[in-house]
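Trainee: I would like to take a close look at a single part of this protein, and I would be glad of one connected answer rather than a list.

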Amino acid sequence: MRSARLVMAVLAALTVFAVPAAAQAAAGPEIQYATSEFEGNTGVLLVGIRSADGVSKVHADVKDNTGKVIASSDSFWRYRGQPEDETQVWATQEAFVLPQMGYYPVDVQVTDTNGVTTSVTNAGDLAYVVVTYIDSVTVKPATATYEKRSVTVTGVLKGRQPGTMEIRRVAGAPISLLSSDWQEATTGADGKFTATVPIVDSDRNIFINYSYDQAHPYHLSSSYDTPVVSIKPRATKVTATVSARKVKAGESVTVSGTATWNTPDGWAPVSTGRVNVLSCNAQDYCTYLEGVPVAADGTYTLTATPYSSTILRASYSAPDRPDGYPDPYVARSQRDVPIAVLQPSSISDFTASREASGAVHLHGHVQFPGSMTPGTIPVEFQFSETGAGDWLTVGDDDQSYWDGTGYEFEGRLTEGRPGWWRARYPGDPANFQAAASKKIFVQ
């Protein structure tokens, strides 16, 4: 009997604990926010909802600042999200049309598919305000020039009314325009504005902005970026003449010429600016050599000492602006002149002697005192019966090699006549000077 009572007590206890678990209510939907649809019609209310069991009904009450309900809606549709998504956005199918603009608190009720309803007082605000936008913008001319460094910008400020979506022009509104500095304008009775905007830097657009002003308290701000405004600079030319196209290393050349520009009256000398001379290689890598201001008649003269064979580039540039940046309204110009700079060479030692076989043995070294060395170093062996200049090349060593003291050359030639011998490095017409050894008499 006692065991039976114990079993009954355990069953009763299980029943007590099981009943509340089975009767536990679902959590219901979560109302995350309520706000206007700002991109189009602010009379449309958007409600963010999180619900594991879907949404069957949405209700919203719009109140004035006393708490009185002035408009309600049960007509909502799924604005964003899929039916299976827990988080969705619902919107009123018809926009609220209220008697005056303002910011109105909103109460929201959401019922899920299980019939569970969640209510939130002051879930958000309906911002019943005008959405403005800047329309019909023109920029003339599309390109600034040396003579005309400003452009005229026109446009119209319009407002999309809440609820009705009626488009109205906004009069008496401040407009700010930014290129390098801010320019201000005010819309006329037709909502149109006009401003002259200086163009200081090329390839920049003009930012147009309407922001909050007290005369239009319920108008949202808006902005617009114009297409890029370019600068067409005044063309220039520079000439360059050099005193010599071929010099030895260490020798200077004089570069002279004239800088001109294309004015409305034709090409004329510039009176200001500077010409710099640079040394450039085939890859267009350049190093500065010398520079000088142009004279009042556009001419210039300077002396430069190029280090090696190069392209001498005379480059004209106009004076910088007061802020230190180049003037984009005056084009740069350049003229290239190739020049050969011959590096030094010498034959530091040379011997010539007749061997027992009768052949003449020739030996010596070529040196390059500078920091440059040619890729191939041939040596010519020359013979003269008199040694007085009638030199005849009778053999060669087509490539000398470094042996630690110089670029060694050697040869054995068959020549039975007694006479004078010398070795000669022929040089490179574009880069290296020629060199000849002392002359040696061989019997």
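Along strand S26 (residues 299-304), which side chains point to one face and which to the other, and which of them are buried?

Mentor: Please keep in mind throughout that this is a predicted model. In a regular strand the side chains alternate between the two faces of the sheet. Strand S26 shows such an alternation: Tyr-300, Leu-302 and Ala-304 point to one face and are buried, whereas Thr-299, Thr-301 and Thr-303 point to the other face and are not buried.

The pairing of this strand comes next. Strand S22 (residues 253-263) is joined to S26 by six bridges, and the two run antiparallel. Within this pairing, Leu-302, one of the buried residues of S26, is the bridge partner of Val-255.

From here the view can be widened to the interior. The largest nonpolar core has 24 residues, and those with the most contacts inside it are Val-255, Val-275, Val-277, Tyr-300, Leu-312 and Tyr-316. At least two residues of this core are supplied by each of S22, S24, S26, S27 and strand S28 (333-342), and the largest share, four residues, comes from S22. Tyr-300 itself, leaving aside residues up to four places away in sequence, touches Val-238, Thr-239, Ala-240, Val-255, Ser-256, Gly-257, Thr-258, Val-275, Val-292 and Ala-314. Two residues in that list, Val-255 and Val-275, are also named among those with the most contacts inside the core. Apart from this core lies another, of 22 residues, among them Val-139, Val-151, Leu-177 and Phe-193.

Val-275 leads on to a sheet that contributes to the surroundings of Tyr-300. Strand S24 (residues 274-280) and strand S27 (residues 310-317) pair in the antiparallel sense over seven bridges, and in S27 the bridge partner of Val-275 is Tyr-316. These two strands belong to an open sheet of five strands, in the order S21-S28-S27-S24-S25 and with mixed pairing. Its edge strands, each of which pairs on one side only, are strand S21 (246-248) and strand S25 (286-293). On average, and with direction ignored, neighbouring strands of this sheet are turned by 30 degrees against each other.

One residue of S22 also deserves a look from the side of its ring, for Arg-234 lies over the face of Trp-261, at 4.5 Å from the ring centre. Elsewhere, the charged end of Arg-149 sits over the ring of Tyr-146, 4.7 Å from its centre.

Rings also meet one another, and the structure holds 12 aromatic pairs. One of them is the tilted pair of Tyr-103 and Tyr-218, with 6.1 Å from centre to centre and 45 degrees between the planes. This pair links distant parts of the chain, since Tyr-103 is in strand S7 (residues 102-111) and Tyr-218 is in the loop between strand S16 (207-210) and strand S17 (222-225), 115 residues apart. Tyr-103 is partly exposed, with a relative accessible area of 47%, and Tyr-218 is likewise partly exposed, at 31%. The rings of Phe-368 and Tyr-425, by contrast, have planes at 90 degrees and centres 5.5 Å apart, so that pair is edge-to-face. Both Phe-368 and Tyr-425 are buried, and ring pairs link them with Trp-402, Tyr-407 and Phe-432 into a cluster.

Notes
Residues numbered from 1 in each chain as written. Predicted model: local features only at pLDDT ≥ 70, side-chain atom pairs only at ≥ 80, totals over all residues. Heavy atoms only, no water. Pairing = 2+ DSSP bridges. Axes fitted to C-alpha atoms, helices over the stretch in contact; angles between N-to-C directions. Buried < 20%, exposed > 50% of the residue type's maximum accessible area, 1.4 Å probe, protein only. Core = buried A, V, L, I, M, F, W, Y, C linked by side-chain atoms within 4.5 Å. Contact = heavy atoms within 4.5 Å. Phe/Tyr/Trp six-rings, centres within 6.5 Å; stacked < 30°, edge-to-face > 60°. Lys NZ or Arg CZ within 6 Å of the ring centre and 35° of its normal.
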